[in-house]
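Let's take a walk through this structure together, one region at a time. Keep the viewer open and follow along.

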Amino acid sequence: GTSAARARSAVLEEQIREDPGRFRMLTGDRPTGRLHLGHYFGTLHNRVRLQDLGVETYVIIADYQVLTDRDVADTLTEHVEELVLDYLAIGVDPERSTIFTHSAIPALNQLMLPFLSLVSVAELSRNPTVKDEIAHSRQSAVSGLMFTYPVHQAADILFCKGNLVPVGQDQLPHLEITRTIARRFNDRYGNGGTVFPEPDALLSRAPLLLGTDGTKMSKSRRNAVALAADADETARLLKAAKTDSERHITYDPAGRPEVSSLLLLAALCQNRTPEEVADDIGSAGAAALKKTVTEAVNEYLAPLRARRAEYAQDRAYLHRTLREGNERARAVAETTLAQVRTAMKNHY
Ligand code: ATP
Ligand code: MG
């Protein structure tokens with residue numbers, strides 16, 4: 001569960017500081033729209049921090065996972081470019097991090113076949129995140145691709161032998177499936193050794209940031225503040241955020257989730273604790289809270305938004321970043337696939 005993952009994350013943080021060279025990080029996003037504050041404080045900020053600490057970093061744009069999403073598929077190129085822009089704006093450095101897409105790496109996708117043979121349909125059906133995503137999807141029928149998303153994700157992580165995955169809380173069940181697949185592959189084909197690591201999730205201080213309606217901030221729920229939004233749009237969205245009728249502002253995540261998530265957001269932007277932010281506001285009420293959060297977010301994002309606008313002017317650089325990332329990822333994937341084929345005695 002989450003508390004075990006939080007405790008494990010604290011241990012990992014220490015190990016990363018001591019020896020970043022032990023870790024290889026893989027994370028990514030589906031190109032379904034602009035990244036938002038939930039992504040940022042849930043995982044993106046950790047990615048950049050770890051990259052800067054010297055952890056080898058791979059960032060996947062999961063474009064094959066939006067094939068079923070018609071309205072997105074028609075404008076896929078734009079969505080991919082928007083995502084690369086977001087990455088560059090937050091400080092992902094293409095010199096040190098490999099940014100790539102599913103569709104450019106055949107050998108990665110080929111790993112999915114043997115991996116599919118290592119999990120049962122019953123195990124996939126139990127995955128609560130897949131259930132949730134299916135419930136929120138606008139489509140009536142669930143495709144086999146969507147159902148097997150966690151197995152595809154195992155291929156994403158294991159193609160580079162990633163052992164560290166900074167994610168939000170909703171991804172913990174997926175990561176459990178990756179760990180199972182790695183373990184079973186090693187048991188069955190490892191010849192007493194280890195082909196794949198069992199990767200760890202790394203949670204941030206905000207593993208589940210709430211959106212303006214009080215449920216998980218999400219691209220598909222219209223409750224998100226995009227990193228690329230301007231200051232006015234941000235103010236408008238946060239002004240409409242759900243709170244409660246209690247005038248005195250306190251940090252109480254279990255009892256007052258909406259107010260607490262806003263306090264946490266301000267705290268993350270200002271490098272303080274949510275309790276400190278709450279104390280400053282005191283009995284000034286929800287309007288004062290929203291004003292504080294809006295100012296904190298806009299101030300924090302201003303340099304990032306400026307960088308994003310600059311990179312948006314340089315399409316050639318965007319394309320080069322992806323081309324070079326894809327080349328690097330392809331070489332890594334081919335090496336891993338060759339190892340897999342040898343381990344499986346070329347039966348695959
Ligand atoms: P979609 O609605 O298309 O599923 P999403 O907003 O849920 O989009 P994902 O692409 O599913 O975003 O998630 C990308 C990464 O961001 C994952 O690691 C996920 O855990 C993390 N993440 C997304 N939303 C939040 C959130 N509200 N709080 C913390 N982490 C989040
Ligand atoms: Mg999601």
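Helix 2, residues 37–53, contributes four residues to the shell around ligand 1, the most of any element. This is a predicted model, so please read everything here in that light. The shell holds 20 residues, and those that come nearest to ligand 1 are Gly38, Gly42, Val167, Gly168 and Ser220. Sorted by class, the surroundings of ligand 1 consist of nine polar, six nonpolar and five charged residues.

Helix 2 also has a place in the path of the chain between two strands. Strand 1 (residues 24–29) and strand 2 (residues 56–61) run parallel and are joined by six bridges. To find your bearings in this pair, look for methionine 25, which stands opposite threonine 57 in strand 2. Between the two strands the chain passes through helix 2, and the resulting β-α-β crossover is right-handed.

From helix 2 we can move on to one of its partners, helix 13. How many residues does helix 13 have, and how far does it reach from its first C-alpha to its last? Helix 13 covers residues 257–270, which makes 14 residues, and it spans 20 Å, close to the 20 Å expected at 1.5 Å a residue. Is this helix mostly enclosed or mostly open? A residue counts as buried when 20 or more other C-beta atoms lie within 10 Å of its own. By that test 10 of the 14 residues of helix 13 are buried, so the helix is largely enclosed by the rest of the structure. Among the buried ones are Val259, Ser261, Ala266 and Cys269, along with leucines such as Leu262 and Leu268. The cover over these buried residues includes helix 2, helix 14 (274–281) and helix 15 (285–312).

Just after helix 13 comes a backbone feature worth a look. Most residues other than glycine have a negative phi. Asparagine 271, which follows helix 13, has a positive phi, near 55°.

Two loops offer further examples. Lysine 161 lies in the loop between helix 10 (149–158) and strand 4 (164–166), and its phi is positive, about 55°, although it is not a glycine. Lysine 161 counts as partly exposed because it has 18 C-beta neighbours inside 10 Å. Asparagine 191 sits in the loop between helix 11 (172–189) and strand 5 (200–202), again with a positive phi near 55°. With 11 other C-beta atoms within 10 Å, asparagine 191 is exposed.

How values were computed
Residues are numbered from 1 along each chain as its sequence is written. Chains are lettered from A and ligands numbered from 1 in the order in which they are written. This is a predicted model: local features need pLDDT of at least 70, side-chain atom pairs count only at pLDDT 80 or more; totals for chains, interfaces and linings use all residues. A residue is buried if 20 or more other C-beta atoms lie within 10 Å of its own, exposed if 12 or fewer, and partly exposed in between; C-beta atoms are placed from the backbone. A residue is near a molecule or strand if its C-beta atom, placed from the backbone, lies within 6 Å of it. Ala, Val, Leu, Ile, Met, Phe, Trp, Tyr, Cys and Pro count as nonpolar, Asp, Glu, Lys and Arg as charged, and the others, Gly among them, as polar. Two strands pair if DSSP finds at least two bridges between them. A crossover is right-handed if, with the strands pointing away from the viewer, the path from the first strand over the helix to the second runs clockwise. The expected span of a helix is 1.5 Å times one less than its number of residues. Two residues are in contact if their C-beta atoms, placed from the backbone, lie within 7 Å.
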